[in-house]
Amino acid sequence: MLKVGLIGRGNISKAHTAAYDKIYAENERAKIVACCDICPQNMEDLPDARHYTDIDAFLKEEQGKLDYVDICLPTYLHAEVAIKAMRMGFDVLSEKPMARTHALAQEMCRVAKETGRRLMVGQCNRFIGAVAVVKNTVADGSMGKVRTAEFTREGGGAPLGYQNWFRDEALSGGGLLDLHVHDTDLIQYIFGTPKAVSVMGQNVNPGAGYDIVFANYRFDDFIVSARCDWTIVHDFHATRVLRVNFEKGYLYLDRTDGKQTFVKVDEDGTVTDLWELAKTDLFYNELCYFMDALEGETPFAECLPESCAESIRIAEAEKQSADLNGGVVLC
Ligand SMILES: NC(=O)c1ccc[n+]([C@@H]2O[C@H](COP(=O)([O-])OP(=O)(O)OC[C@H]3O[C@@H](n4cnc5c(N)ncnc54)[C@H](O)[C@@H]3O)[C@@H](O)[C@H]2O)c1
């Protein structure tokens with residue numbers, strides 16, 4: 001059984017622990033045996049794990065006792081804690097966005113190489129089955145060339161998090177780095193690095209940076225757009241749409257709350273329902289992938305630090321463009 005140390009027991013860690021519970025129920029493959037959160041009451045629902053409120057004490061005490069650490073801390077702590085953990089011999093799975101800045105993400109890549117530790121970033125959307133279909137269809141050209149693609153991610157009011165860190169751009173990077181980065185990362189993952197970006201951004205919550213983002217990406221012979229809005233009052237729908245328009249039809253994925261659509265529409269108008277491929281427990285898939293790779297069953301090939309750092313680099317170009325009111329920034 002893999003012994004897991006969870007660092008950060010806030011909102012997203014609940015999705016991780018639900019997936020760990022499912023994995024444990026299936027075959028007892030992994031269990032959280034140690035947990036660290038600065039607020040002790042946050043760990044009360046993990047009574048079987050050893051509890052810590054100080055990260056340094058956790059790392060020192062748990063050295064040699066864990067198979068890896070799973071970092072679910074606020075973004076501003078990802079790099080610092082992942083680097084400390086790797087230097088102390090831990091393999092690391094760390095939540096997205098990889099780091100608050102590209103420079104910190106690069107440092108994480110450097111330390112992973114230097115220490116030889118495993119580092120995977122939880123860009124969980126890469127583990128949606130439909131995303132693999134889209135990526136493969138783009139790569140194999142079976143629907144012809146890409147003409148356009150569009151991504152929409154509208155998530156209601158921005159969360160507050162521990163001591164309101166989400167609302168402080170210096171700590172979270174705002175909606176642009178926190179929510180929109182899911183699409184920046186998918187775009188980079190599916191199509192590669194764009195040549196240039198042009199982004200209009202809007203601040204609504206004071207101090208929170210760009211919480212509305214309308215981004216355009218220029219590739220050699222097609223264009224892509226992505227919209228993100230973190231400010232919708234009483235949003236009961238949490239819109240999640242991805243559409244790629246090819247020469248010979250399109251792929252359309254809609255995971256908006258209440259909708260379950262993934263279709264392929266061919267040149268002759270045939271509509272094929274592919275929802276079975278899209279139906280996915282993405283955190284479960286992400287954790288299983290990490291464990292398979294850690295145990296040598298599959299190579300480490302997804303969400304590698306260099307690839308996720310590239311998404312942070314593009315997000316920084318997007319921020320630069322938004323600061324220029326949509327000015328074109330080369331990537
Ligand atoms: N993959 C996804 O879809 C997804 C969704 C939501 C959030 N996230 C990411 O997950 C990360 C955490 O987000 P969240 O919503 O869980 O935030 P959160 O504020 O709810 O949780 C963070 C937790 O870390 C703890 N913490 C803060 N400082 C600490 C310290 N110094 N030592 C120990 N514990 C400390 C807090 O007490 C809190 O429990 C963020 O980077 C966020 O972007 C990812």
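The shell around the ligand takes at least three residues from each of two domains: domain 1 (2-124) and domain 2 (125-281 + 299-330). Please keep in mind that this is a predicted model. The ligand occupies the space of the largest pocket, and 27 residues surround it. Here is a friendly tour of that site, followed by two backbone details worth a look.

**Who surrounds the ligand**

- Of the 27 residues around the ligand, the ones that come nearest are Asp37, Thr75, Tyr162, Trp165 and Asp178.
- By residue class, the shell consists of 14 nonpolar, eight polar and five charged residues.

**Polar contacts and burial**

- Glu95 places a polar side-chain atom 3.0 Å from a nitrogen atom of the ligand.
- In the side chain of Lys96, an N or O atom is 3.1 Å from an oxygen atom of the ligand.
- For His182, an N or O atom of the side chain is 3.4 Å from an oxygen atom of the ligand.
- The ligand taken alone exposes 860 Å², and the protein buries 89% of that area.

**Secondary structure around the pocket**

- The ligand fills the space of the largest pocket, and the elements giving two or more residues to its shell are α1 (11-27) and α3 (75-87).
- Of the elements, α3 gives the most to this shell, contributing three residues.

**Backbone details to check in your viewer**

- As general background, most residues other than glycine have a negative phi, and most peptide bonds are trans.
- Lys96, whose side chain has an N or O atom 3.1 Å from a ligand oxygen atom, is joined to Pro97 by a cis peptide bond, with omega at about -20 degrees.
- Pro97 itself sits in the loop between β5 (92-95) and α4 (102-115).
- Gln163 is not a glycine, yet its phi is positive, at about 50 degrees.
- You will find Gln163 in the loop between β7 (146-154) and α6 (169-172).

Methods
Residues are numbered from 1 along each chain as its sequence is written. This is a predicted model: local features need pLDDT of at least 70, side-chain atom pairs count only at pLDDT 80 or more; totals for chains, interfaces and linings use all residues. Side-chain values use heavy atoms; hydrogens and water are left out. A residue is near a molecule or strand if one of its heavy atoms lies within 4 Å of it. A polar contact is a pair of N or O atoms within 3.5 Å; within protein, one must be able to donate a hydrogen and the other to accept it, and residues adjacent in sequence count only if both atoms are side-chain atoms. Accessible areas come from the Shrake-Rupley method with a 1.4 Å probe; for residues, only the protein chains shown count as cover. On a 1 Å grid over the protein atoms alone, a cavity is a set of points where a 1.4 Å probe fits but cannot get out, and a pocket is an open set with protein on both sides within 12 Å along at least five of seven lines; lining residues have an atom within 4 Å of a point. A molecule sits in a cavity or pocket if more than half of its atoms lie within 2 Å of its grid points. Helices (H or I, at least four residues) and strands (E, at least two) are DSSP runs, numbered from the N terminus. Ala, Val, Leu, Ile, Met, Phe, Trp, Tyr, Cys and Pro count as nonpolar, Asp, Glu, Lys and Arg as charged, and the others, Gly among them, as polar. Domain bounds come from an automatic or database domain assignment.
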